[in-house]
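Please look through the chain below before reading my notes. They are meant for someone new to reading structures.

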Amino acid sequence: MHKDAKFDTMLIHAGQKPDALMSVNPPIYQTSTFAFKNAKHGADCFAGESDGFIYTRLGNPTIRSLEDAVAALEGGFGGIATASGMAAVTTVYLSFLSAGAHIVSTDAVYGASRSVLENHFSRFGVEASFVDSSRIELVEAALKPNTRLLYIETPANPTISITDIAACAELAHKYGIKLVVDNTFCSPYLQKPLELGADIVLHSITKFINGHADVVGGVIVAKDPADHKLMYNVMTSMGPNMDPHQAFLVSRGLKTLSLRMERAQANAQVIAEFLEGHPSVAWVRYPGLPSHPQYELAKRQQKGSGAMISFGLKGGFEAGSKMMDSVKLATLAVSLGGVETLIQHPASMTHAKVSAAAKQKAGITDELVRLSVGIEDVNDLLADLQQAMQG
Ligand code: LCS
């Protein structure tokens, strides 16, 4: 692949190295371990003086192919694939947070990215503050001398609020703090956090990157080789590694990222406008609507508006529940970013473990319904939502 290859070309070719049989796609190296040619080769591999594979927890060609592809797409130094998105999140936390350290995070992050700090990292003396990171002055006010990480999710799950990545990078670097961006909702097709100054980008690969609701996985990409090395050591020591078969499936899904994202966000724009004009709908949050509070920032920072919408019905939680029970084409399920349209209720599902007070403060209200728009025919989706709101 030419070094100046464009994004869509990279989607198809990045990370692909022909094997001995010139296989066009990366084979599934479904093996736990790799034989050494001789004792010296084994010792050289362990010493890092030969780049042969050793053991799948430490690296595997099928997984490496995916890691290299995502690293190239994000414009980073190296990729680290993990068993789940949460394995990626916790690998980042474990790499940079020690007892006595502090992290500042977006308040409306994915529920587990928050609750793992509040319920588990707190047991090891790690302190966390959650702020509305769309307001940079609140981020700055939350920083402390022991802050090690600024962790933002943009657009945030599930409020779709948008944080200025470049402004956060400037702030973080002024205080010698690393900026981490969860880029799950956009994927590298729509947003490139490392180019905007972030140090580390991560994904729940379960979502848009894989895109077919058949794999759980995660990936981390660092800009700086030293950060990559640190996180790679943490990941391979603790063992939340991806499996070769998972990596194969994700590599296959990844190739159509642009096509899926284009169709899904075109559908989402039509649906968001329909919802905003519907008499039963109280409010809609979608970056492609001028009513979105960070509409201008979204236009500047993202290549498109994405496929995630949140909204509230005038009848509140009761009306939302009724709607979720009445959809026939959209599926009532958590997760997002697949080819199929999903609908869910964050307050009682994905963010159930976040305290009621924290949810209220972060804008995760009881009435909020979240839609992950798929690539079905948009007229069928509109008809389904229309009948479900009447039902
Ligand atoms: N980051 C974001 C933004 C997410 O939405 C999720 C999962 C994760 C990290 C964790 O990834 P996982 O371990 O599940 O691969 N979000 C989910 C959601 O909204 N519904 O179900 C899972």
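The numbered points below go through the basis of the model, its domains, its two sheets and a few backbone details.

1. Basis. This is a predicted model, in which local features need pLDDT of at least 70 and side-chain atom pairs count only at pLDDT 80 or more, while totals for chains, interfaces and linings use all residues. Residues are numbered from 1 along each chain as its sequence is written, and side-chain values use heavy atoms, with hydrogens and water left out.

2. Domains. The chain is assigned a domain 1 (7-254) and a domain 2 (257-390); such bounds come from an automatic or database domain assignment. The centres of domain 1 and domain 2, taken over C-alpha atoms, are 26 Å apart. In the contact (heavy atoms within 4.5 Å), domain 1 takes part with 42 residues and domain 2 with 40 residues.

3. Area between the domains. About 3300 Å² is buried between domain 1 and domain 2, and carbon and sulfur atoms give 60% of this area. Buried area here is the accessible area (1.4 Å probe) that two parts lose on being put together, summed over both. On the domain 1 side, Y189, L190 and F208 lose the most area to domain 2, together 23% of what that side buries.

4. Polar links between the domains. The count of salt bridges between domain 1 and domain 2 is 1; the term stands for a side-chain nitrogen of Lys or Arg within 4 Å of a carboxyl oxygen of Asp or Glu. There are also 20 residue pairs in polar contact across this interface, both residues at pLDDT 80 or more. A polar contact is a pair of N or O atoms within 3.5 Å; within protein, one must be able to donate a hydrogen and the other to accept it, and residues adjacent in sequence count only if both atoms are side-chain atoms. Among the elements that give two or more residues to the domain 1 side are α1 (7-13) and α10 (244-254), but the largest share, 4 residues, comes from α8.

5. The sheet of 7 strands. Helices (H or I, at least four residues) and strands (E, at least two) are DSSP runs, numbered from the N terminus. One open sheet has 7 strands in the order β1-β7-β6-β5-β4-β2-β3, with mixed pairing; two strands pair if DSSP finds at least two bridges between them. Its edge strands, β1 (78-82) and β3 (127-131), each pair on one side only. Within the sheet, β5 (178-182) and β6 (200-204) are parallel partners over 3 bridges, and V180 stands opposite I200 in β6.

6. The sheet of 5 strands. Another open sheet, also mixed, runs β8-β9-β12-β11-β10. Because β8 (281-285) and β10 (331-332) stand at the edges with a single partner strand each, one side of each is left without a neighbour in the sheet. The partner of β10 in a parallel pairing over 2 bridges is β11 (342-344), where I343 stands opposite L332. Helix α11 (257-276) lies across β8, β9 (308-313) and β12 (368-372), at about 15 degrees to β9. Axes are lines fitted to C-alpha atoms, for helices over the stretch in contact, and angles run from 0 to 180 degrees between N-to-C directions.

7. Backbone details. Which peptide bonds are cis in the loop between β4 and α7, where P155 and P158 are placed? The bond from T154 to P155 is cis, with omega near -10 degrees, and another cis bond joins N157 and P158, with omega about 10 degrees. S187 is not a glycine but has a positive phi of about 70 degrees; S187 is in helix α8.
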